[in-house]
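Me: I would like to learn how to read an interface and the empty spaces in a model. Can you take me through one, feature by feature?

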Amino acid sequence: MSGAASRVLVTGATTGAGAALVDALLADPGTERVVAVSFDSSCRHLPWDVRLTCASVDLSRPRAVTELLAGPARRLGVTAVVHAPLRRSLSDGGPATRALTVGVTRALLDACDGHPTIQRLVYVGTAAVYGDEPSTPRRRDERCPLAFGAQPGWRRDRVEADLAVCCRMGSSSTTLVVLRQAELLAPGCGSPLWDYLQAPVCLRPLGFDPMLELLSLADATAATRRALAADAGGVFNVGGADVLPLSRLLRLAGRRALPLPGPALGPLYRARARMRHGEFRYDLYAARLHVGALLDGARARRLLGYAPAHPLRWPPW
Amino acid sequence: MRDFLDAGHGYDEFGLAAAAVDRAARLGAPLYERYFRVDSRGAERLPADGPALLIANHGGTLPVDAAVLWLDVLRRTGRVLRLVADRFVPRLPWVGVALARCGVVPGTLQDLDRLLARGALVAIFPEGVTGTGKRFADRYHLQAWRLGHAELARRHRAPVVPVAIVGAEEAWPVAVRLPLHVFGAPYLPVPATPLPLPVRLRLRYGAALALHALPPGPDLDDEPAALEAAARRTRAALQQLLEDTLAERRAAHHPAGRARRGAAR
């Protein structure tokens, strides 16, 4: 691993994706230091390693971000930051979630710019930021328009955070990388599809069977590590190894599908969430259940050397 | 199945499935052989492999011409033709899924670039909705002619094969076009007959055009004149092919023609 990526600070280190990344970094003998940042003290559940430093920081406070990077990160000589604004629970919404998604991202950008040791910031985003217009191609490359018209909520927060990083490219002293991941089907990663598949009976729009692209945790981790090791900056699509229609996904996941007219799904899922405290929100995922979306990963393949290589195991739980 | 690139679960990235193609071919066989009695000539002009663009005339309430062209190419070459549909088509319930399983793709430039880069056989109807919306009196007269096929052909150095489809523009004419934009469609067509009429369909494949061999411009994006010239050439070739096929049909129905056939029997 190159020098720029041997001392890494990882936010959200106790989420599914964050913990997998920390494990992978520690498994590499070339890694000199990993600073695992989590909201609470659950960081102590990570496997012990002399190179691992745990930090319990409430990143929703901008001052905490500045103190973290100016203090422990500088002292430990952190050279790269991986920031993934993932929440364990997708149903969290409102100003608190927006502060964690958009506010923390902006605070990290400010704190990394001009930092004496940090050379690289990898923002792990989602391909859900792309728009769903009829003119959008099936395979979306990095030039596709973002969903600027998204309703306030999870998706719009992601668009704003992604845009915040993109707008700093070229003017920041830190090399900025945005990874737009395909649907990461893993627990504790804030995946709407994961929440959708938790119910034994999954409602789906009548008359539609979209093609979906799924990313495994192994591939997500590999892509992030490639982004840390590469020299190139910019935006990269991170595609997955599984491309399949929704109907096949439900069969592989061992779920029963109940097709219903699309307008009925929103109220039904809201009622289900109230009764059984389910996580899935249909209003945030409606477009994906009607019209599928795949990613063009040619740029990541060319500049990062990343290609999906780890299909999901079925069922994924 | 040729031209099928499995994305890992038995479907290609656009939703094409081999089982669906087989099923559609079996269901379409009686329509092809007995209802429309398709008379196809010139399919040997299609390349056995590699990219190529088919351009054809378009008309009628629903794309009977596209369906018959798809069946014909499959039966004669074994290749799955990737028909290009308007962008609202994939968003139609049931119809969008069924067409995707048979290889129909939305008409976005990036998607077509991908297909041609992989050596696919792609069919475009450059008239677009102006073709299906034309008046019955304007049948077989090519309407507004888009340039996208010329750009793709030059970029991918793909031969362009004009295909004249005679019969489909009369089989199911439109009586009224209602200004209702259901699922994003430009209008809601009301057919003159409840079902397509059993008009005999003639498919004629013309000589392939090498648009990439036309004089190059300094940059593809800066050569609109070259693209327009290429598109005019394809339009002229297809219009001539249509006129020849219509003349052939008239001759076949002429009393002198019937007498000659009777003598031959």
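Reply: Start with contacts between chains. The model is predicted. In it, 25 residues of chain A are in contact with 20 residues of chain B.

Me: How much area do chain A and chain B bury between them?

Reply: The size of an interface is often given as the accessible area lost when the parts come together. Here chain A and chain B bury about 2,000 Å² between them. Carbon and sulfur atoms account for 57% of that area.

Me: Which three residues supply more than any others of the area that chain A buries against chain B?

Reply: They are P134(A), R138(A) and R139(A). Together these three supply 27% of the area that chain A buries against chain B.

Me: How many salt bridges are counted between chain A and chain B?

Reply: The count is 3 salt bridges. One pairs the side chains of R139(A) and E13(B), at 2.3 Å from N to O. So R139(A) comes up twice, in the buried area and in a salt bridge. For polar contacts, the count between the two chains is 8 residue pairs, both residues at pLDDT 80 or more.

Me: Which elements of chain A each supply at least two residues of the side that touches chain B?

Reply: Two elements do: β12 (242–245) and α7 (246–252) of chain A. The largest share, 4 residues, comes from β12(A). By class, this side of chain A has 13 nonpolar, 3 polar and 9 charged residues.

Me: Now the empty spaces. How many cavities of 30 Å³ or more are there?

Reply: Rolling a probe the size of a water molecule over the atoms shows where empty space is left. In this model the count comes to 4 cavities of 30 Å³ or more. The largest cavity has a volume of about 200 Å³.

Me: Which residues are closest to the centre of the largest cavity?

Reply: The lining has 20 residues. Closest to the centre are R138(A), P90(B), G96(B), V97(B) and A100(B). Both chains appear in that list. Note R138(A), which was also named for the area that chain A buries against chain B.

Me: Which elements give two or more residues to the lining of the largest cavity?

Reply: They are α3 (95–101) and β4 (105–106) of chain B. The most comes from α3(B), with 5 residues. The lining as a whole has 14 nonpolar, 3 polar and 3 charged residues.

Me: What is the volume of the second largest cavity, and what lines it?

Reply: Its volume is about 110 Å³. The lining has 14 residues, with A17(A), G18(A), L21(A), V124(A) and T224(A) nearest the centre. Two or more residues each come from α1 (16–27), β4 (80–83) and α6 (217–229) of chain A. By class, the lining divides into 8 nonpolar, 6 polar and no charged residues.

Me: Pockets next. What is the volume of the second largest pocket, and which residues lie nearest its centre?

Reply: The second largest pocket has a volume of about 750 Å³. It is lined by 44 residues. Nearest the centre lie A128(A), W154(A), R155(A), L284(A) and R288(A).

Me: Which element gives the largest share of that pocket's lining?

Reply: That is α9(A), with 6 residues. Elements of chain A that each supply at least two residues include β5 (120–126), α4 (154–168), α5 (192–196) and β10 (211–215). The lining of this pocket divides into 25 nonpolar, 9 polar and 10 charged residues.

Key:
Residues numbered from 1 in each chain as written. Chains lettered and ligands numbered in written order. Predicted model: local features only at pLDDT ≥ 70, side-chain atom pairs only at ≥ 80, totals over all residues. Heavy atoms only, no water. 1 Å grid on protein atoms, 1.4 Å probe; cavity = no way out; pocket = protein on both sides within 12 Å on 5 of 7 lines; lining within 4 Å. Points joined across faces, edges and corners; volume = space filled by probe spheres on them. Nonpolar A, V, L, I, M, F, W, Y, C, P; charged D, E, K, R; others polar. Contact = heavy atoms within 4.5 Å. Buried area = accessible area lost by both parts, 1.4 Å probe. Salt bridge = Lys/Arg side-chain N within 4 Å of Asp/Glu carboxyl O. Polar contact = N/O pair within 3.5 Å; in protein donor to acceptor, adjacent residues only side chain to side chain.
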